[in-house]
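Reader: I should be grateful for a close examination of one part of this assembly. Please take a single site and follow its surroundings outward.

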Amino acid sequence: MIRDLAAVAVGGALGTGLRFALDLAFATDDGLFPLSTLIANILGSFVLALVVAHLWDRSPLWVRAGLGAGLLGSFTTFSALAVAVVQLADVDQWMLALIYLAATMVLGLAAAALGLRLGLARRARLDLVNE
Amino acid sequence: MSAVVVAAILIAGAAGAILRYLTSQVFASSPRFPWAVLIVNGVGSGLAGTLAGLAHIGSIDPNLEIILLTGLCGSLTTFSTLSVETIQLATLKRVRTAVLSVGANLLVGIGAAAATYFGLIGLAT
């Protein structure tokens, strides 16, 4: 339990740091349409799906906790998405708010589907080699 | 930005991740609906809306705002678990639960952020 929580904390700090670095790298003047959050959510969905399909059932709990709940859970975010949509609506950029939301959902879910598919395919190939 | 602020963002991020992990452990035995993600996304988005509202009316220190907004709220909430769980539910032919979960996260998360953000700005004017 302590080892799992420590892994979540270390992963969480790392994931937050990477997301913050993306925020700084893709900072926009007006702060509207945060590209960094969109990139983090798509990339994080893809990588989480990949590792869930590829290594989850042969990884110890602390690895799953640190990598999944910690690193990738913290790298991606929902609150920044929600606040971005609200702030775009606040300045009457309704169309941009809708586009931002739709882009996150469609690309994020597609990235997760692709990651699961690739992870399972890679697993199947490895299993074949190990037989 | 000072190194102290960056360190505080990372520590707040670690705290958010632990709170989210503990929430997921509480609901680990109820696999019918992904409640844990909905709860952390709702609570974290509501807190984020509050912070963004306070920033809008200029009554929060910018350093504290980024520590709590990017660190705590950003890390307490998650998108990757939502997207991966949704695709897994769809793969298991539980499409109705998948659609309900996504809809509930959008409604509760954005609703909580909007209510707190606009509520605070309304109170201040």
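Leaving aside neighbours within four places in sequence, with which residues is A:T76 in contact?

Author: The model discussed here is a predicted one. Within it, A:T76 occupies the loop between α3 and α4 (79-90) of chain A. Once neighbours within four places in sequence are set aside, its contacts in chain A are A:R19, A:A40, A:N41, A:G44 and A:S45. From chain B, the residues in contact with A:T76 are B:G74, B:T77, B:T78, B:F79 and B:S80. A:T76 has a relative accessible area of 0% and is therefore buried, the limit being under 20%. The side chain of A:T76 also reaches back to the backbone oxygen of A:L72, at 3.1 Å.

An annotation applies to this position. In an unreviewed entry, UniProt lists A:T76 together with A:G73 under "binding site". A:G73 is placed in helix α3 of chain A, which covers residues 61-75. Its relative accessibility is 0%, so A:G73 likewise counts as buried. Not counting residues up to four places away in sequence, A:G73 touches A:G68 in chain A, and B:R20, B:S75, B:T77, B:T78 and B:S80 in chain B. B:T77, B:T78 and B:S80 recur in the list for A:T76.

These contacts with chain B lead to the interface as a whole. There, 44 residues of chain A are in contact with 45 residues of chain B. The area buried between the two chains is about 3,300 Å², and carbon and sulfur atoms give 77% of it. On the side of chain A, the residues that lose the most area to chain B are A:F20, A:F78 and A:V86, which together account for 20% of what that side buries. The elements of chain A that give two or more residues to this side are α1 (2-25), α2 (35-55), α3, α4 and α5 (94-130). Of these, α1(A) gives the most, with eleven residues. By type, the residues of chain A that touch chain B divide into 25 nonpolar, 15 polar and four charged.

As for polar interactions across the interface, 16 residue pairs are in polar contact between chain A and chain B, both residues being at pLDDT 80 or more. The count of salt bridges between chain A and chain B is zero.

A search of the whole structure does find one salt bridge over all chains. It is formed by A:R123 and A:D57, whose closest N and O atoms are 2.6 Å apart. A:R123 belongs to helix α5 of chain A and A:D57 to the loop between α2 and α3 of chain A, so the pair ties together parts that are 66 residues apart in sequence. The two partners contrast in accessibility: A:R123 is buried, with a relative accessible area of 16%, whereas A:D57 is exposed, at 61%.

Chain B offers one further residue with a contact across the interface. B:T86 is found in helix α4 of chain B, residues 80-91. Its relative accessible area of 7% places B:T86 among buried residues. Leaving aside neighbours within four places in sequence, B:T86 is in contact with A:L109 of chain A, and with B:A98 and B:V102 of chain B.

To return to the starting point, A:T76 is a buried loop residue with contacts in both chain A and chain B.

How values were computed. Residues numbered from 1 in each chain as written. Chains lettered and ligands numbered in written order. Predicted model: local features only at pLDDT ≥ 70, side-chain atom pairs only at ≥ 80, totals over all residues. Heavy atoms only, no water. UniProt positions renumbered as here; feature names shortened; annotations may be inferred. Helix = DSSP H or I, 4+ residues; strand = E, 2+ residues; numbered from the N terminus. Buried < 20%, exposed > 50% of the residue type's maximum accessible area, 1.4 Å probe, protein only. Contact = heavy atoms within 4.5 Å. Polar contact = N/O pair within 3.5 Å; in protein donor to acceptor, adjacent residues only side chain to side chain. Buried area = accessible area lost by both parts, 1.4 Å probe. Salt bridge = Lys/Arg side-chain N within 4 Å of Asp/Glu carboxyl O. Nonpolar A, V, L, I, M, F, W, Y, C, P; charged D, E, K, R; others polar.
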